[in-house]
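Q: Please take a close look at one strand of this protein, and explain how it sits among its surroundings and in the chain as a whole.

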Amino acid sequence: MQSSGETSLDALRSRGSLRGLDALGDTELVALILGRQRGRSGGSIAQELVDRYGSIAALGRAGLRELMGVDGVGIAGALRLKASFEVGRRCVIARRERAIRKVGSPGDVAMLMAPEMRELDREHFKTILLNTKNGVIEIATVAVGSLNAALVHPREMFKAAVAASAAGFILVHNHPTGNPEPSREDADLTVRFARCGELMGIDLVDHVIIGGADFVSMRERGLVTL
């Protein structure tokens, strides 16, 4: 005889199959991902997770060990959840990269990079390599740091730029605190990269900082002048 949890999961699968996954709520989608769990229904665990984090977006930012600590989730359930959110994140990035092949403004940069970078819990430093018409050649990761800093060296960025025969580049990094305001170190780093670019004939077009839903363009602030 099936338990009530198994019956609910079967009903959920049937509904998702017949009506489509977009007809399901957040808790139901999480229950589908968790599947059958030992000792506790996936629906009950899903409800606790959504209630605990307050939203599906906040749940997506939860760490692996954090999720494993919830009764009934375990390593397998936590990995399924993290993998599902990662697949979703990569799909969003791929769609944005296909849609935006040319950057004409800081807003274009934010639209291209924010979906990937605004939820990161450590500073990531990336570069968008451009051709002579500001078309995107490649997006490369330069450095990954801590909560409030990333050790960045121009050598890593320019190695990628030379390999791609880039005419220009845009620096992009995130502030996990959610505040995009540039620090003194951000300003100094921008000047350093701009001077290196001038020497090599590869122009620094802008340096955009992403913090939560906001962004700051160092060029618009007058901090990229070379």
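A: Strand β4, which covers residues 203-211, has seven of its nine residues buried, and therefore it is largely enclosed by the rest of the structure. To call a residue buried here is to say that its relative accessible area is under 20%, and this is computed on a predicted model. Alongside β4 runs strand β3, made of residues 168-174, and the two strands are parallel, with seven bridges joining them. One of the pairings can be followed by name, since His173 has Ile209 of β4 as its bridge partner.

To place this strand in its setting, it helps to step back to the protein chain, which holds nine helices and five strands. Read from the N terminus, the order of these elements is α-α-α-α-α-α-α-β-β-α-β-α-β-β. Across the 226 residues of the protein chain, buried residues make up 39%. Among the contacts in the protein chain with a separation of 6 or more, 57% are between residues 24 or more positions apart.

The overall form of the protein chain can be described in a similar way: its radius of gyration is 22 Å, whereas a compact globule of 226 residues would have one near 17 Å. Along the principal axes, the C-alpha atoms of the protein chain fill a box of roughly 75 × 35 × 30 Å. Turning finally to the surface, the protein chain exposes about 12300 Å², of which carbon and sulfur atoms supply 52%.

How values were computed: Residues numbered from 1 in each chain as written. Predicted model: local features only at pLDDT ≥ 70, side-chain atom pairs only at ≥ 80, totals over all residues. Heavy atoms only, no water. Helix = DSSP H or I, 4+ residues; strand = E, 2+ residues; numbered from the N terminus. Rg over C-alpha atoms; globule rule 2.2 N^0.38 Å. Buried < 20%, exposed > 50% of the residue type's maximum accessible area, 1.4 Å probe, protein only. Contact = heavy atoms within 4.5 Å. Areas by Shrake-Rupley, 256 points an atom, 1.4 Å probe, with all protein chains shown as cover. Pairing = 2+ DSSP bridges.
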